[in-house]
Amino acid sequence: MSLIAITEVKKRFGDNEVLKGISIDVEPGEVIAIIGKSGSGKSTLLRCINGLETIDGGSIMVAGAQLLPDEVHLKALRLKVGTIFQQFNLFPHLTAGGNVMLSQMVVKKTPKPEAEAMARKMLDRVGLAHKFDAFPEQLSGGQQQRVAIARALAMQPIALLCDEITSALDPELVAEVLAVVKELAADGMTLLMVTHEMRFARDVCSRVVFMHQGRVHEIGHPEDVFTAPKTPELRQFIGAQ
Amino acid sequence: MVEFTLWDILRNLLLATRWTIALSLVSFIGGGIVGALLLFVRIGGSRVARLFAKGYVELFQGAPLLMQLFLAFFGLGLFGIDVPAWLAAGVALVLWTAAFLAEIWRGCVESIARGQWEASSSLGMGYIQQMRWVILPQALKVAVPPTVGFSVQVVKGTALTSIIGFVELSKAGSVVTNATFQPFTVYGLVALIYFALCWPLSKSSQMLERKLNVAHRDH
């Protein structure tokens, strides 16, 4: 059974239909890159999957449970799916360690010593064990994003949604974040990432989804999508990169 | 004719100042509690509750404090309820302060980036948890200087309660003037006492603003 089953999902903002019926099935351990022009609906799709946007049609199932827009169902969903944002969104009033510990203690009611042990483990996993006591403003963008990844991982999600997680970074900081993501992929984490890093999509992902005007325009193995695009839109998109 | 020394005047004024301070504290603390409740309703309540909180704030901000005092003092009297001046003064000032504090604090909460709400809800937190652990700790920092600054308005607002007969500093000023026939001296002292109460508050508001801004220098 698919881990994430997205079926005929529709979303509109006023008169503007952003998603016009999206269907994607994500198997456990898959790493899926969602590419496409800005405005094609890729970020909106991710925001629908973790319930930050409500959908107007279709259904989303995560690990067999349907996404419903009430607080109990949303909370259950968000414990299964972690999200990493373009702007990191670390809590500025807490240290790196505090950021990773907070939701464990507040949401999962994990006792503090265990939450701290988990935080140290996760920060170590993203290569930032030594920054446990640093505040976000003392960290580089790449480090902040890695803390954000550790924070999501500490909730032990079964899948991670990554929304253009390297787009706000200086070019020299992109690699350190992608290296962490690559390791997660190698460890078998299910990843759904909106990205502009075409090389990364090609090297690491198991499937690539090309979105165009609110639809899945092409979907396939990265080799096929990048070397043998079937539609002129994808050819143009790849050519423009 | 009885002669009043400067000390006689000052002593009586200072005794009345206790009531100004007490009324200010009651208004500020009571207003803070009611204001916090309004704030929660205003940003997290149902649609009807939000509209109520919004209407409340607009009503109390849009009418002069003096009218609110009159309504509290005489209005309840119409229903046969005998309201002592101190009660009417306290209730009116608490409600008035609550409206302003709720609005100040709403601005502070809304100044927190939307990403903080999104990140915390993505981690599974509910509304109360987000407020308690993520939004309020940041908003409080922003809220301290304007809140302390507003306390000056509360202290000065208590002067109006003299009109409904509550004997605080201003009312004591009138009473002492009637006995001594030295309005300039008496009201001069009254003004100085208000200044001594308010100036440290304004100053500390400015200092807090500078101090808390330092922590935000990178943003």
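**Exercise 1.** State which residues of chain B the UniProt annotation "transmembrane region" covers, and describe the backbone over residues 20–41 and 62–79.

*Solution.*
Step 1. In this predicted model, local features need pLDDT of at least 70, side-chain atom pairs count only at pLDDT 80 or more, and totals for chains, interfaces and linings use all residues. Residues are numbered from 1 along each chain as its sequence is written, while chains are lettered from A and ligands numbered from 1 in the order in which they are written.
Step 2. The unreviewed UniProt entry gives residues 20–41, 62–79, 85–105, 142–164 and 184–202 of chain B; such annotations may be inferred rather than shown by experiment, feature names are shortened, and positions follow the numbering used here.
Step 3. Residues 20–41 of chain B are 100% helix and 0% strand, with end C-alpha atoms 31 Å apart. Helices (H or I, at least four residues) and strands (E, at least two) are DSSP runs, numbered from the N terminus.
Step 4. Residues 62–79 of chain B are 83% helix and 0% strand, and their end C-alpha atoms lie 25 Å apart.

**Exercise 2.** Give the strand order of the open six-stranded sheet in chain A and name its edge strands.

*Solution.*
Step 1. The order is S6-S7-S8-S3-S9-S10, with mixed pairing; two strands pair if DSSP finds at least two bridges between them.
Step 2. S6 (81–84) and S10 (215–220) of chain A each pair on one side only, as edge strands.
Step 3. S6(A) pairs with S7 (residues 159–163) of chain A in the parallel sense over four bridges. Within S7(A), A:Leu161 is the bridge partner of A:Thr83.
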